[in-house]
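Trainee: I'd like a close look at one part of this model, please. Start wherever you like, but keep it plain enough for a first-year student.

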Amino acid sequence: MLGILYGEKTKQSYSESIENTKAAIADADAVVIGAGSGLSTAAGYTYSGERFHTYFQDFIDEYGIRDIYSGGFYPFEDLETYWAWWSRHIWVNRYMSIPNDVYNKLLNLVKDKDYFVLTTNVDHCFQRSGFDKKRLFYTQGDYGLFQSFNPHGISAHKTYDNREIVKDMLLAQGFEIGENDELCTPKGKKLSMRIPTELIPYCPDDGELMTTNLRADDKFVEDDGWHIALGRYSDFIRRHDDLQVVYLEIGVGGNTPGIIKYPFWKYTAQNENATYVCINKGEAVAPHEIMKRSLCLDEDIGRVLDDLK
């Protein structure tokens, strides 16, 4: 175990860190990307502000919901209202086009390297941006999948694509789906904040209500695809454990450090040929034990990816 919990900042200047990161990636045998919510925020997936007001103003007015994230936990009075909210929540964060090209910039940085991606993000931006799906492991689920609320029998290991049912829910509220899957409100039309009862999703295999395939408790379904991706990730780490590896952590906060941050610190400590790179505005730190092989870029992710080109 490393001796400290949170780490400290490196003493290199930003420009030095950029140049050293470029060199580390150029020389690396492999790059392991660990991506948290900060990367998607940099890509334009803000959960408050203009996006929130554009698609959820009626929920703001009716329930006083303050942002998209907290709205996901609101105790709506019935399933019709619950799914009206969640159909919008899913669509704007999973099926609409990615707001900007941050993920494309990251792909351009590593596309010619032997890379693998570990992410807690559930918006599927990596695959939608052209990353090889066989080099991706989404640990916490996918907005694009449903699962049984009480998985058992065949549903215990199964997830279900939700695009069409979510689309039907949105159309029933009065939305139109435009170019690039843009969610559009016809001019002068008031949206419904409920879906028809018949659109409430039930699992086709066990008859239970459906829910989102997002890790929240011990009912989270780790389907066959999840386990295959875990195996590929574990094998990638094992095959490169003594080679020149860059562990590139981007936008990972302190909510779930045991998934990306702490393992990356450990792998770097165990491999003297490894370099740890952390890109995170306000939270770019590394443990003292690996400080000499760490590069911490305390700056906006979009700017860093531009400067690394």
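Trainee: What is the relative accessible area of isoleucine 228, and does that make it buried, exposed or partly exposed? After that, please take me to helix H5 and whatever packs around it.

Mentor: Isoleucine 228 has a relative accessible area of 47%, which makes it partly exposed. The cut-offs are under 20% for buried and over 50% for exposed, with partly exposed in between (1.4 Å probe, protein chains only). This residue lies in helix H9 (residues 224-239); helices here are DSSP runs of H or I with at least four residues, strands are runs of E with at least two, and both are numbered from the N terminus. Its C-alpha is 9.1 Å from that of lysine 134, although the two are 94 residues apart in sequence.

Two bits of housekeeping. This is a predicted model, with residues numbered from 1 along each chain as its sequence is written, and local features need a pLDDT of at least 70. Side-chain atom pairs count only at pLDDT 80 or more, totals for chains, interfaces and linings use all residues, and side-chain values use heavy atoms, leaving out hydrogens and water.

Now for H5 (79-95). One of its partners is helix H3 (residues 50-63): the two pack at about 165 degrees with their axes 11 Å apart. The axes are lines fitted to C-alpha atoms, for helices over the stretch in contact, and angles run from 0 to 180 degrees between N-to-C directions. The angle makes H3 roughly antiparallel to H5. The cut-offs here are under 35 degrees for roughly parallel, over 145 for roughly antiparallel, 65 to 115 for roughly perpendicular, and oblique for the rest. H3 and H5 cross in the left-handed sense, meaning that the near helix is turned anticlockwise from the far one by less than a right angle (clockwise would be right-handed). From H3, the contact (heavy atoms within 4.5 Å) involves residues including Phe52, Tyr55, Phe56 and Phe59, while H5 brings, among others, Ala84, Trp85, Arg88 and Val92.

H5 has another helix to deal with: H8. Their axes are 9 Å apart and the angle is about 120 degrees, so these two are oblique to each other. Once again the crossing is left-handed. H5 uses Trp83, Ala84, Ser87, Arg88, Ile90, Trp91 and Tyr95 here, against H8 residues that include Val166, Met169, Leu170 and Gln173.

Those four H8 names are worth a second look. In H8 (residues 163-173), the buried residues are Val166, Met169, Leu170 and Gln173. They sit on the same side of the helix, because they span an arc of only 95 degrees around its axis, judged by the directions from the axis to the C-beta atoms. H5 is part of their cover, and so are strands S4 (141-148), S6 (176-177) and S7 (183-184). Right after H8 comes glycine 174, with a positive phi near 110 degrees.

That brings us to the sheet. S5, S4 and S8 form an open, antiparallel sheet in the order S5-S4-S8. S5 (160-161) and S8 (210-214) are its edge strands, each pairing on one side only; pairing needs at least two DSSP bridges between two strands. H5 packs on this sheet and touches S4 and S8, with its direction at about 140 degrees to that of S4.

S4 itself is largely enclosed by the rest of the structure, since eight of its eight residues are buried. Two bridges link S4 to S5, while five join S4 to S8. Take phenylalanine 146: tyrosine 160 in S5 stands opposite it, and its bridge partner in S8 is threonine 212. For leucine 145, the bridge partner in S5 is aspartate 161.

One last stop is the loop between S6 and S7, where asparagine 180 is found. Most residues other than glycine have a negative phi. Asparagine 180, however, has a positive phi near 55 degrees. It counts as exposed, at 53% relative accessibility.
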